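User: I have a structure open and a few quick questions about it. Can we go through them one at a time?

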Amino acid sequence: MQKNSMHPLIDQEKQKLARRYKRDRRLINILSYAVGALFLFILLYFQLSEKLVHLLRALFPVRFFYLLGYFAVIYTVYSLLTLPLAYLSDYKIEHKYHFSTQNFKAWCSDWLKSFLITFILGAVIFETIYFIIHTSPRFWWFWLSLVMILFTVILANIFPVVILPLFYKTSPLDDEELEGKIKELCKKAGIHIKEISSIDLSSKSTKANAAVVGLGNTKRILLGDTLMKNFTNREILCALAHEITHYREHHIWWLIFWQSLITMGTFYVFFIISPYFYMLCGFKTVSDPAGFPLFVIIFSMISLIIKPLGSSISRYYERRADKGALLLTEDPESFINLMAKFCNQQLVIAYPNPIIEWYSYTHPSPGRRIDFTEKWQKSLNFCCR
């Protein structure tokens with residue numbers, strides 16, 4: 001959609017700023033990919049990966065320990081190489097556009113916590129990958145896919161009670177009127193949520209959000225304090241109705257299912273084509289940890305090719321959640337206001353390039369969501385005549 005068809009609630013000057021914000025972040029992302037690719041190339045071309053494995057194998061003969069040592073070295077060096085870019089992306093740019101509320105010390109603390117958490121999770125995945133490939137050279141792609149499914153479910157379950165509290169504080173919702181309306185919305189949707197909490201997003205950012213997180217006994221509604229501060233109760237209920245629809249229609253499980261099939265397909269394609277590339281680079285088997293840089297390169301290339309499939313599946317469920325939100329709230333005006341505010345306050349591009357949206361957007365763009373809502377409203381008015 002072109003500028004002259006911009007929705008009247010969307011500030012055109014803010015959209016110009018949103019495009020500059022997006023451009024700045026995209027530039028950092030491109031640099032990050034370039035640094036990562038160069039790092040992997042150097043590891044392979046100068047045989048540094050092989051030399052590191054040989055050194056660690058001499059120091060730690062047990063496979064588990066030299067694999068852990070290899071991952072620790074590679075992960076740490078890569079994290080330090082990309083640290084300046086992370087600082088630019090998550091601190092400087094966010095402050096430039098007046099989103100971040102963190103000081104430098106707090107940002108460093110969060111970066112260190114992220115580094116340690118990712119290291120632990122990454123080490124578990126790395127050890128698992130090479131254990132399965134080593135023990136089942138013909139069917140590793142299948143077994144590894146199943147393990148990744150289990151890992152995803154476990155992580156989704158523990159996230160709100162183990163990982164999230166390390167970064168944000170949550171507290172009981174102190175707005176009784178809003179809490180009552182949320183409970184009414186949940187009752188109307190036919191679901192039971194154990195806990196409704198406020199999360200202090202304002203400790204790090206001015207951006208607003210809400211979510212239904214967790215699985216099983218850990219599921220709960222989280223409302224960002226920034227959302228409650230800058231949005232009306234009707235707009236908040238629209239945002240929550242969207243999340244509640246995700247929960248009611250089991251979208252999380254469906255997305256895990258589809259992503260698992262995509263992951264299995266990716267691993268299988270990798271299994272078929274990898275012997276040629278590994279042989280070309282002088283590696284005898286995929287189970288050789290020295291070939292890890294090549295593993296990352298091949299897997300990343302396959303993932304880039306099939307990315308539109310995952311994006312399209314995600315957008316399908318997001319559209320269903322939007323429709324569910326409209327049916328639950330019967331308040332299209334507030335939903336439109338919600339989308340417009342996200343664009344104006346959080347510098348979200350309302351009408352991105354259609355090709356970029358098709359390739360990488362996991363949600364329909366705000367402009368498309370507003371268009372859908374207006375069409376839904378017109379069809380409802382027509383039916384009620």
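Analyst: We can take one residue and then one sheet, keeping in mind that this is a predicted model.

User: Where is Ser145?

Analyst: Ser145 is in helix α5, which covers residues 140-163.

User: Is Ser145 buried or exposed?

Analyst: Ser145 is buried, because its relative accessible area is 1% and the cut-off for buried is under 20%.

User: What does its side chain reach, then? I mean Ser145.

Analyst: The Ser145 side chain reaches the backbone oxygen of Trp141, at 2.7 Å.

User: And which residues is Ser145 in contact with, leaving aside neighbours within four places in sequence?

Analyst: Those are Thr263, Met264 and Phe267.

User: New topic, the open sheet. What is the order of its strands?

Analyst: The order is β1-β2-β4-β3, so to read it off: 4 strands, with mixed pairing.

User: Which strands stand at the edges?

Analyst: β1 (170-172) and β3 (210-213) do. Each has a single partner strand, so one side of each has no neighbour in the sheet. From one strand to the next, the twist averages 30 degrees.

User: In what sense do β3 and β4 pair?

Analyst: β3 pairs with β4 (residues 220-224) in the antiparallel sense, over 4 bridges. As for a particular bridge, Val212 has Ile221 in β4 as its partner.

User: Which helix packs on the sheet?

Analyst: Helix α8, residues 233-248, packs there and touches β3 and β4. The direction of α8 makes about 25 degrees with that of β3.

Methods
Residues are numbered from 1 along each chain as its sequence is written. This is a predicted model: local features need pLDDT of at least 70, side-chain atom pairs count only at pLDDT 80 or more; totals for chains, interfaces and linings use all residues. Side-chain values use heavy atoms; hydrogens and water are left out. Helices (H or I, at least four residues) and strands (E, at least two) are DSSP runs, numbered from the N terminus. Buried means under 20% relative accessible area, exposed over 50%, partly exposed in between (1.4 Å probe, protein chains only). A polar contact is a pair of N or O atoms within 3.5 Å; within protein, one must be able to donate a hydrogen and the other to accept it, and residues adjacent in sequence count only if both atoms are side-chain atoms. Contact means heavy atoms within 4.5 Å. Two strands pair if DSSP finds at least two bridges between them. Axes are lines fitted to C-alpha atoms, for helices over the stretch in contact, and angles run from 0 to 180 degrees between N-to-C directions.
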